[in-house]
Amino acid sequence: MATFTRARVERFTSLAVGAGSIALGVHSLLTAFGSTDELPQWRTILMVVVFVPLAAMIVGCIVGRAVRETAGVFAVAYPLALLAWPLAVVGTPTSPSEGPWIWLLLNVATVAAVLSFPLPLQLVWTVMVPVEYGIVRWAQFDFAPDAAAPVGLDVLYAIILGAVLLTLDRVYRAVATDVDEARAEAVASYAAAAAADAAERERIAVAALMHDSVLAALIAAERAETPRERALAVAMAREALTRLANTEQDAGEGPDAPVSVHELIERLQRAAQEVGVDLQVQRSLTDEAVTVPGRVGRALVLAATQAVANAVEHAASVGLVVTVDDGAQRGGIRITVRDAGTGFDLGAVPDDRLGIRASIYARVAAVGGRAHVSPTDEGTSVVLEWEPLP
């Protein structure tokens, strides 16, 4: 499962921790230089133990490298420095309400545990480190009762703040995980839908190919009586075999480069000749330079060719007229195929007949166009339309 969102949240958290650690670290460092509570040699040792790992953690958080490792080192070094604190102090502090410089980094240590440790250890550090500080700090006052309240408040404050930081981190991580899971599910659903759409398009293409080429060649061969008809049937069979052999390579689909309406008309006329019709296409174009994408042009030509073939087969080419115009929208194209045959009942066409459903309706719809078949007693009209997106 992808963890893009969670990685971004973790990166943001490390940057926030780095920035906060810089502010608290500088404050604590300046306070340590002016501190008189520790022996000089111990102060140097404690500053090295605390500030060197802190500086490494800050660099790691800012650059986004070795964050877990450097934060883990500081999370361990800080409690060790606290354990050595009683050995470093000189006498009794003046006031329990004025915490030493090491107190300023208390919650930095708990946040470092959040960055580096698993949840159980995070919980332990959130409570253990403040309690350890409280014991060490109270021991400086020989566990005097009047020092218990201010030291206890410091400990309680540190635990509450650490718990809030830990909770925020868990919430953000949980939300990021949910977002990643939702994104993965959406991608999987889209992939499934795309696969189903591709399968449906392939089914339509294969069905149209079977009807346009294979079945048409078989019918032509069955009805061929004259030498010319036999030659035409052989040519149709050869084309059908070629298209079947190249189905996986999508042969014949051609590039999607724009093609002009004049080129589409020429393709339609050549295709009509293959079904035995010397077609003269009537043109009514206000824009002679209009073009359509290559896949759109091929789909329209194949659908129009099927309409012509239907007119030849079922209406004997009586009154066959093909017109091409701009359509209802500028930049669009409309091809109309009419015949003066006896018509047919569109609703009575069997489901296994693919000449209209696959070769006309589905083929044109696959490229974003529209097809209308209007059979009447005075003939049949097939209108194919395609318009560019606004």
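Colleague: What makes α5 a kinked helix: how many degrees is the kink, and which residue is it centred on?
Modeller: Bear in mind that this is a predicted model. In it, α5 has a kink of about 25°, centred on Trp-125. The bend is the angle between axes fitted to the seven residues ending at a position and the seven starting there.

Colleague: What span does α5 reach, and what is expected at 1.5 Å a residue?
Modeller: From its first C-alpha to its last, α5 reaches 32 Å over 22 residues, close to the expected 32 Å. The expected span is 1.5 Å times one less than the number of residues, so the 22 residues of α5 are what sets the expected value here.

Colleague: Which residues of α5 are buried?
Modeller: Among them are Gln-122, Trp-125, Thr-126, Val-129, Pro-130, Tyr-133, Val-136 and Arg-137. As background, residues three or four places apart point the same way because an α-helix has 3.6 residues a turn. Just after α5, Asp-142 takes a positive phi of about 55°.

Colleague: Why is Thr-70 called buried?
Modeller: Its relative accessible area is 16%, and buried means under 20%. Thr-70 is therefore buried. The residue sits in helix α3, where a polar atom of its side chain lies 3.3 Å from the backbone oxygen of Val-67.

Colleague: What does Thr-70 touch, leaving out residues up to four places away in sequence?
Modeller: Pro-53, Ala-56, Met-57 and Gly-60. Met-57, under that rule, touches Val-17, Ser-21, Thr-70, Ala-71, Phe-74, Val-108 and Ala-112.

Colleague: How many residues are in the largest nonpolar core, and which have the most contacts inside it?
Modeller: There are 38 residues, and those with the most contacts inside it are Leu-54, Met-57, Phe-74, Tyr-78, Trp-101, Ile-102 and Leu-105. Helices α1, α2, α3, α4 and α5 each supply at least two residues of this core, and the largest share, 10 residues, comes from α3. There is also a second, separate core of 36 residues, which includes Ala-272, Ala-307, Ile-356 and Trp-386. In soluble globular proteins, nonpolar side chains tend to be buried together.

Colleague: What makes Ala-66 stand out in its backbone?
Modeller: Its phi is near 55°, a positive value in a residue other than glycine. Most residues other than glycine have a negative phi. Ala-66 is in the loop between α2 and α3. Ser-317 also has a positive phi, near 65°, and lies in the loop between α9 and β4.

Colleague: Why do you call Ala-66 partly exposed?
Modeller: Its relative accessibility is 44%. Partly exposed runs between the 20% of buried and the 50% of exposed, so Ala-66 counts as partly exposed. Ser-317, at 29%, is partly exposed too.

Colleague: And why is Phe-344 put in the partly exposed class?
Modeller: The value for Phe-344 is 35%. Buried needs under 20% and exposed needs over 50%, so Phe-344 counts as partly exposed. Phe-344 is in the loop between β5 and α10, and its C-alpha is 7.5 Å from that of Asp-377, 33 residues apart along the chain.

Colleague: How do you know that β6 and β7 pair?
Modeller: Two strands pair if there are at least two bridges between them. Here 7 bridges join β6 to β7, which run antiparallel, so the cut-off is met. Ala-371 stands opposite Leu-384 in β7, and a hairpin joins the two strands through 2 residues.

Colleague: What makes you say the side chains of β6 alternate?
Modeller: Ala-371, Val-373 and Pro-375 point to one face and are buried. Arg-370, His-372, Ser-374 and Thr-376 point to the other face and are not buried.

Colleague: Why is β4 described as mostly covered?
Modeller: In β4, 4 of its 5 residues are buried. β2 is joined to β4 by 4 bridges and runs parallel to it, with Ser-284 partnered by Asp-325. Between β4 and β5 there are 5 bridges, running antiparallel, and Asp-325 stands opposite Arg-334 in β5.

Colleague: How many helices and strands does the chain have?
Modeller: The protein chain has 10 helices and 7 strands. Of its 390 residues, 42% count as buried. Of the contacts with a separation of 6 or more, 73% are between residues 24 or more positions apart.

Key:
Residues numbered from 1 in each chain as written. Predicted model: local features only at pLDDT ≥ 70, side-chain atom pairs only at ≥ 80, totals over all residues. Heavy atoms only, no water. Core = buried A, V, L, I, M, F, W, Y, C linked by side-chain atoms within 4.5 Å. Buried < 20%, exposed > 50% of the residue type's maximum accessible area, 1.4 Å probe, protein only. Contact = heavy atoms within 4.5 Å. Polar contact = N/O pair within 3.5 Å; in protein donor to acceptor, adjacent residues only side chain to side chain.
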